[in-house]
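Open your viewer and keep the selection box handy. We will go from one selection to the next and look at what each one shows.

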Amino acid sequence: MVIKTVFIDRDGTIGGDGHFTAIQQFEPYPGSVAAIRSLRTAGLQVFALTNQTKIAAGQLDEAALRISLLEMGCSDAFICPHAENAGCPCRKPKTGLIAQAHLRYRFTNRDAVIVGDSYLADMQCAINAGILGIHVATGRGDAGYQEVAGSFVECASLADAATWILAQQGNGK
């Protein structure tokens, strides 16, 4: 498997505790920013993929969030700004954000991965989209594990996930 596109959740994956953290207080985990940049340096597309209900609530500026994700090294950011009960097609675990990415970029789902800390949002989105999921133990840990039926790569952190992804490139698998 050669991976060309990497989708990365923000809260609980890049940093934070799995729940919303304001931009000013958001602290990436050690190695997260370096991991994103190493994936980009290797020629992969790296996209943030995040649900952010605080935008709909007026507590977060979407443009500022996008800028913060680009500053951490992401190629682009796909953000669901809607409230949980809005019924939008883009809130993970739905695949609307992946569809948006397809409109802007050329990639196939079989050459992509979704890295996230939530089984219920991130790994279920991966299943729904037919994309390999890489679950990281940061953020939400194993909450929701029993509720999602699927096979995922398990890594301790985003840095470990990036190492795994880059190893796949070297093996030509």
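Begin with helix α1, residues 32-41, and colour its buried residues: Ser32, Ala35, Ile36 and Leu39. They sit on the same side of α1, because the arc they cover around the axis is only 100 degrees. Now turn the helix over: on the face pointing away from that buried side you will find Ala34 and Thr41, which are exposed. Just past α1 comes Gly43, with a positive phi near 95 degrees. Bear in mind as you look around that this is a predicted model.

Next, select strand β4, residues 112-116. How many of its five residues are buried? Five of the five are, so the strand is mostly covered. Looking along β4, Ala112, Ile114 and Gly116 point one way, while Val113 and Val115 point the other way. This fits a broader pattern: in a regular strand, side chains alternate between the two faces of the sheet.

Keep β4 on screen and add its partners. Strand β1, residues 5-8, runs parallel to β4 and is joined to it by four bridges. Within this pairing, Ile8 stands opposite Val115. Strand β5, residues 132-136, also pairs with β4 in the parallel sense, over four bridges. There, Gly133 of β5 is the bridge partner of Ile114. To travel from β4 to β5, follow the chain through helix α5, residues 119-129; this β-α-β crossover is right-handed.

Now zoom in on Ile8 and show what surrounds it. Leaving out residues up to four places away in sequence, Ile8 touches Thr13, Ile14, Ile36, Leu39, Val46, Phe47, Ala48, Leu49, Val115 and Leu158. Two of these, Ile36 and Leu39, are among the buried residues of α1 that you coloured earlier.

Widen the view to the largest nonpolar core, which has 29 residues. Val6, Ile8, Val115 and Ile165 have the most contacts inside this core. Helix α6, residues 158-171, supplies the largest share of it, four residues. Apart from this core lies another one of 17 residues, including Phe7, Phe47, Cys80 and Cys90. In soluble globular proteins, nonpolar side chains tend to be buried together.

For the last stop, select Ala77 in strand β3, residues 76-80. Is Ala77 buried or exposed? Its relative accessibility is 1%, so Ala77 counts as buried. Beyond its neighbours within four places in sequence, Ala77 is in contact with Ala48, Arg66, Leu69 and Arg104. Finally, draw a distance from the C-alpha atom of Ala77 to that of Phe7: the two are separated by 9.0 Å, although these residues are 70 apart along the chain.

Key. Residues are numbered from 1 along each chain as its sequence is written. This is a predicted model: local features need pLDDT of at least 70, side-chain atom pairs count only at pLDDT 80 or more; totals for chains, interfaces and linings use all residues. Side-chain values use heavy atoms; hydrogens and water are left out. A nonpolar core is a set of buried Ala, Val, Leu, Ile, Met, Phe, Trp, Tyr and Cys residues joined through side-chain atoms within 4.5 Å. Buried means under 20% relative accessible area, exposed over 50%, partly exposed in between (1.4 Å probe, protein chains only). Helices (H or I, at least four residues) and strands (E, at least two) are DSSP runs, numbered from the N terminus. Contact means heavy atoms within 4.5 Å. The arc is that of the directions from the helix axis to the C-beta atoms. Two strands pair if DSSP finds at least two bridges between them. A crossover is right-handed if, with the strands pointing away from the viewer, the path from the first strand over the helix to the second runs clockwise.
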